[in-house]
Amino acid sequence: MPEELRLQEESVERHQINIYLSDRISLHRRLPERRNPLCMEKKYENYDKFPTTSVIIAFYNEAWSTLLRTVYSVLETSPDMLLEEVILVDDYSDREHLKERLATELSSLPKVRLLRANKREGLVRARLLGASVAKGDVLTFLDCHCECHEGWLEPLLERIYEEESAVVCPVIDVITWDTFEYLGNAGEPQIGGFDWRLVFTWHVVPERERIRMKSPIDVIRSPTMAGGLFAVSKKYFEYLGSYDTGMEVWGGENIEFSFRIWQCGGSLEIHPCSHVGHVFPKKAPYSRNKALANSVRAAEVWMDEYKELYYHRNPHARLEPYGDVTDRRDLRIKLRCKDFRWFLDTVYPELHVPEDRPGFFGMLQNKGLKEYCFDYNPSSENQDFDHHVTLYHCHGMGQNQFFEYTSQNEIRYNTQQPESCVSVATGSDSLLMELCKDTPPEEQKFILQEDGSIFHVQTKKCVQAERKPLSDIFMPLLRDCTNSENQKWFFKERMA
Ligand code: LR7
Ligand code: MN
């Protein structure tokens, strides 16, 4: 059926999701069981005292079937007593099926309301529009391409019933964009972290947290949240200052809210018994160019002097206009929130905090081949470079050309998580990236000398910039030490 394939590809082109297939899957499908078996033995006492919830779903140009499946799954998996309403907020979509046709479809559904923004608000203000009319005790936010698993809601509301200042996320199961399979497993969920670019990351549950939890189905404390799926007491959300309304479109609000929850006295948790599926698209379906300014706002308000570590790795972020954050700083003072140092020490001790000593971080540039800098692409598809440092035109954008030379004599690539260190494989003359260790092993030790040479202690060789014969590829290689300019290096924070 080449015709069918073509239609599938067309829908992926348009939505970054195989909507052709989604349209052919029931809007009321049942999901495979993905919970830890212990969850099924859990008894909910005080069920009748649990807070009620308004489920808030903001959407922008979402496809019909993924949006409707989200709504039906909420209605079909949530106990009637606990579900106050489902509020859909149309963030100024322009697709035809989201106009009259959607309003008509929803009008026949109990508890469902539809609000429309008068201009594109972005997900933060769209969600707040929904929150402003919500009647439930708890606000439960979902993305508009989710499917709720049986029993997803009770654990979230029970936890907030126990502890009003807990913000609780479900386990996010993966629904694949191409086949719509519902993945996920009953094992231990992961928690949220971030790297120094303020990009959200997933981590295994650290030992200390496993010790704190009394059972595998206790809530797991998480430094950050992915952002789209969580429940929070309406009163507590308002107390915390809801969202930063200066954030546009997409990005950053999840990290900002996570910092704020912890620093201002709440807790952010994942409940292992609550599962919700989320369709992860092939790639971003709309422009997300406001994410940088949003992250800068988060850094400026919550990170104190640690914001410098962020700026070092995103030099262009310093130039980004991010608006006024006075109100948000005032809020931080009013709520007597703790500082970022406390957050790092207490909530996220696993995160390595770079030293960033002046003159020892940034682009690592060569003196002889002036335009060339250390460059590492962890996801390189080119087998030849897999896990190797190469040299590339210095671009001054931080990211994959950002390295830090530490007081432990490591050359660390610590922009992303997990952090890698420059290393040398036995018998090899090229530079290999390996995971950093607590104490650097011999092969990861380099001495950056006064004259700019980089001396590899174990092999007693120097790092030299070279062009690979018969190619346009440049690499740093270990050679006998000479005085040549190609063996001299210096760190530069940004382009002149
Ligand atoms: O301008 C916009 N207006 C909107 O109403 C842009 C988006 N939206 C809606 C959109 O239709 C969707 O319902 O906001 C919701 C989130 O947008 P997505 O689905 O494009 O975001 P995402 O799933 O790629 O991104 C994650 O990070 C975002 C950071 O801003 C938000 O916090 C998302 O909610 C969040 N999604 C999740 O946490 C689901 C799990 C993903 C992971 C990991
Ligand atoms: Mn999403």
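Me: What makes the pair between ligand 1 and the side chain of Arg 288 a polar contact?
Reply: An oxygen atom of ligand 1 lies 2.9 Å from a side-chain N or O atom of Arg 288. A polar contact is a pair of N or O atoms within 3.5 Å, so the pair qualifies. Tyr 286 also offers a side-chain N or O atom, 2.5 Å from an oxygen atom of ligand 1. The protein buries 92% of the 810 Å² that ligand 1 exposes when taken alone (Shrake-Rupley method, 1.4 Å probe).

Reply: This is a predicted model: local features need pLDDT of at least 70, side-chain atom pairs need 80 or more, and totals for chains, interfaces and linings use all residues. Residues count from 1 along each chain as its sequence is written, chains are lettered from A and ligands numbered from 1 in written order, and side-chain values use heavy atoms, without hydrogens or water.

Me: Why are Asp 143, His 145 and His 278 called donors of the manganese ion (ligand 2)?
Reply: They coordinate the ion through OD, NE2 and NE2, at 2.2 Å. Donors are N, O and S atoms within 2.8 Å of the metal (3.2 Å for Na, K and Ca), so these atoms qualify. Water is not among the atoms, so the site may look incomplete.

Me: What spacing do the donors follow along the chain?
Reply: The spacing is D-x1-H-x132-H. Asp 143, in the loop between β4 and β5, and His 278, in strand β11, are 135 residues apart.

Me: Why does His 278 count as buried?
Reply: Its relative accessibility is 10%. Buried means under 20% (1.4 Å probe, protein chains only), so His 278 counts as buried.

Technical notes: Polar contact = N/O pair within 3.5 Å; in protein donor to acceptor, adjacent residues only side chain to side chain. Helix = DSSP H or I, 4+ residues; strand = E, 2+ residues; numbered from the N terminus. Buried < 20%, exposed > 50% of the residue type's maximum accessible area, 1.4 Å probe, protein only.
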